[in-house]
Structure formats: C-alpha cells, structure tokens
Amino acid sequence: MQVLLSYIGEQLKSASVTYVAKDIYKGVLRILLILHHDFPEFVAENHFQFCTVIPTHCSQLRNLVLSAYPSSFQKLPDPFRDGLKIDRLEEMSKAPKITADIVTPLQDAMIKAPVDNALRNFNTADVAIQQISEVIYNPPARDTGLFFNPINVNTVLLEALVLYIGQSAVSSSAQKPGTASFSNSPALGFLEKLVNTLRPEARYYLLSAIVNQLRYPNSHTHFFSFAILNIFGSETAAQHETHIREQIIRVLLERLIVHRPHPWGLIITLQELLQNGNYSFFRLPFIQAAPEVWRSYNYLVHRA
C-alpha cells in the first residue's frame with residue numbers, strides 16, 4: 001500500500017495528469033475505500049506510514065486514511081450536536097494503536113535525546129529546536145511536491161517528531177485527564193515554540209503533521225485539537241502570529257475542499273474555531289479580506 005500510494009502520488013504531481021494516471025487513481029481510491037470499509041483497523045493503525053508517502057496535494061486520499069476508525073466504534077459522536085464537550089467523551093482518554101516506528105527516525109537524525117530533554121525541561125527547548133532545524137532543513141534526499149516543485153524540508157522526520165511529542169503529552173497527562181491537563185504541558189510549549197521558530201515552509205509541513213492526528217475520538221486527537229486551537233490563539237495577533245493563523249486556516253481548508261469523508265477530529269476543531277467567539281474567526285483581517293474563505297468553511301462544514 002505504501003508503494004502504491006507513493007506511485008500514484010508521483011503520477012499526480014504533473015501539471016497535466018494523463019488519462020492513464022487518472023484511471024490508476026480511481027483504482028487506488030477504490031482499493032482504499034474497500035480497506036477503509038472492511039479493514040478499518042488496518043488503515044487507522046498504519047495511518048503514519050500512509051501519510052508519509054501520500055503527497056500533500058492528494059487531500060482526498062489522506063482524508064480517507066485519516067477518517068478510518070476501529071470497528072469497536074459503532075458510530076462516532078455527532079460533531080454538530082449542540083452542547084457536545086469532547087473532553088467529556090470517554091474515548092478521548094484512550095490512546096490509539098499505532099504500528100509505526102516513530103523513534104528510529106529521531107534516533108537516526110540524532111535529535112531524540114535533545115527532544116527528550118526539552119520535553120522534560122522546557123529551558124532546553126532552544127537547543128533542541130536548533131538541532132532539529134539543522135536536520136529538518138537538510139533532508140538526506142529532497143522530495144518534490146505539486147508540479148515537481150522541490151520540498152526543502154524533511155517531511156517524514158516532521159511527521160515522526162509531531163507524533164512523538166503527542167505521545168509524550170498524552171503519556172504525561174494520563175493521570176490527569178481533561179483539557180486542563182494539557183495547558184501547562186511541556187510538550188505543548190515545545191510544539192508552540194517549534195511552530196513559532198521554524199521557517200514558513202517547514203511550519204506548513206509541521207502544521208500538516210499536526211492536522212494529520214485529528215482523527216477519530218482518542219487521546220491524540222484530543223491533544224492535537226487542543227494544541228492547534230491554542231496555537232491559533234484568542235488574542236489580537238502580531239504580524240508574525242497572523243501568518244501562523246493564515247497557515248493553519250490554509251491547512252484546514254485544504255482538507256475540507258475535497259469530497260467526503262472528512263476526519264472527525266478535523267470537523268470538531270473547525271467547529272470550535274468557527275463557533276467560539278474567543279477566536280474572533282470572522283473578524284480576522286485575512287478572513288475579512290477574503291470572505292469566500294469563511295463562506296466555504298460554513299458550506300463545507302455543514303455539508304460534512
């Protein structure tokens with residue numbers, strides 16, 4: 001499946017996709033739909049491996065992977081239900097099963113030790129981020145994106161790093177369930193510092209990796225939804241913070257403009273951004289400058 005997804009991703013990078021590539025894409029989509037329906041655990045447990053080979057521009061394939069949830073869930077909670085409090089859902093305290101090895105990429109890049117130090121002692125975060133940046137900006141092999149534009153960051157390492165930070169946050173708050181337990185989490189502070197420090201391209205892929213963890217109800221979805229909302233912030237943003245907010249909106253919108261299914265955690269996070277007045281979503285300068293953005297959000301979220 002990894003080879004197949006990687007192959008079709010390469011075929012879809014061209015400015016003019018061939019008819020053969022379109023037919024292959026339809027076949028891959030149908031195979032993934034069958035796996036999503038009949039073997040959802042396989043898709044959900046291997047989401048990390050699949051997301052690392054699906055190009056960023058293949059949003060529908062990625063959504064299909066991220067919307068899979070174990071068959072133990074008869075039905076997911078309705079994200080549009082009035083008064084839904086996700087922190088009160090029992091499932092939000094349970095960690096998802098993940099088959100991926102996310103430690104080896106960090107060890108190979110020699111950043112696991114500084115990351116562990118930063119997660120234990122936030123005062124060492126600057127040192128860790130400097131080492132992370134050196135590795136992130138110098139990938140061993142440069143991949144390409146849409147139209148074969150070069151990607152100048154190590155996206156696989158970013159995916160592994162984000163998931164590793166999330167697992168640390170969930171593990172440390174296991175004895176203190178609830179949203180409040182994440183507020184003073186070193187992992188949250190470290191993630192925020194990464195978002196504020198990395199260059200725009202690296203930050204985009206970092207935010208994409210975070211949004212990749214907004215899946216079915218589980219502790220990872222809980223943490224990363226809280227993290228993305230916390231990073232988005234509720235105060236009047238400075239110019240730098242405004243750029244971060246624009247990138248968050250871009251990443252979320254890219255996941256919504258494709259056909260269903262849309263991951264449950266993505267919808268929940270968007271609902272909170274749109275409906276919670278503390279985020280002043282509709283008063284943001286870049287939203288007011290492009291009203292079609294929030295119109296699209298309203299249409300797509302309610303359609304989902």
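Trainee: How do the residues lining the second largest pocket divide by class?
Mentor: The lining has eight nonpolar, eight polar and five charged residues. Here Ala, Val, Leu, Ile, Met, Phe, Trp, Tyr, Cys and Pro count as nonpolar, Asp, Glu, Lys and Arg as charged, and the others, Gly among them, as polar. A pocket is an open set of points on a 1 Å grid over the protein atoms alone where a 1.4 Å probe fits, with protein on both sides within 12 Å along at least five of seven lines; lining residues have an atom within 4 Å of a point.

Trainee: Anything I should know about the model?
Mentor: Yes, this is a predicted model: local features need pLDDT of at least 70, side-chain atom pairs count only at pLDDT 80 or more, and totals for chains, interfaces and linings use all residues. Residues are numbered from 1 along each chain as its sequence is written, and side-chain values use heavy atoms, leaving out hydrogens and water.

Trainee: Back to that pocket, which residues lie nearest its centre?
Mentor: Leu84, Lys85, Ile86, Ile268 and Glu272, out of 21 lining residues. Two elements, α13 (219-232) and α15, each give two or more residues to the lining of the second largest pocket, and the largest share, five residues, is from α13. Helices are DSSP runs (H or I, at least four residues), numbered from the N terminus.

Trainee: And its volume?
Mentor: About 520 Å³ for the second largest pocket, taken as the space filled by probe spheres set on the grid points, which are joined across faces, edges and corners.

Trainee: What about the largest pocket, how much space lies in there?
Mentor: About 940 Å³. Its lining counts 41 residues, and Ile54, Pro55, Thr56, His57 and Cys58 are the closest to the centre.

Trainee: Which helices supply at least two residues of that lining?
Mentor: For the largest pocket, α1 (2-11), α4 (47-53), α5 (59-66), α9, α12 (200-211) and α14 each do so. By class, that lining splits into 19 nonpolar, 14 polar and eight charged residues.

Trainee: New topic: where does histidine 262 sit?
Mentor: Histidine 262 is in the loop between α14 (239-256) and α15 (264-275).

Trainee: Is histidine 262 buried or exposed?
Mentor: Histidine 262 counts as buried because its relative accessibility is 10%; buried means under 20% relative accessible area, exposed over 50%, partly exposed in between (1.4 Å probe, protein chains only).

Trainee: What does the histidine 262 side chain reach at 3.0 Å?
Mentor: The backbone oxygen of valine 258. The same side chain of histidine 262 also reaches the backbone oxygen of leucine 256, at 3.3 Å.

Terms used: Polar contact = N/O pair within 3.5 Å; in protein donor to acceptor, adjacent residues only side chain to side chain.
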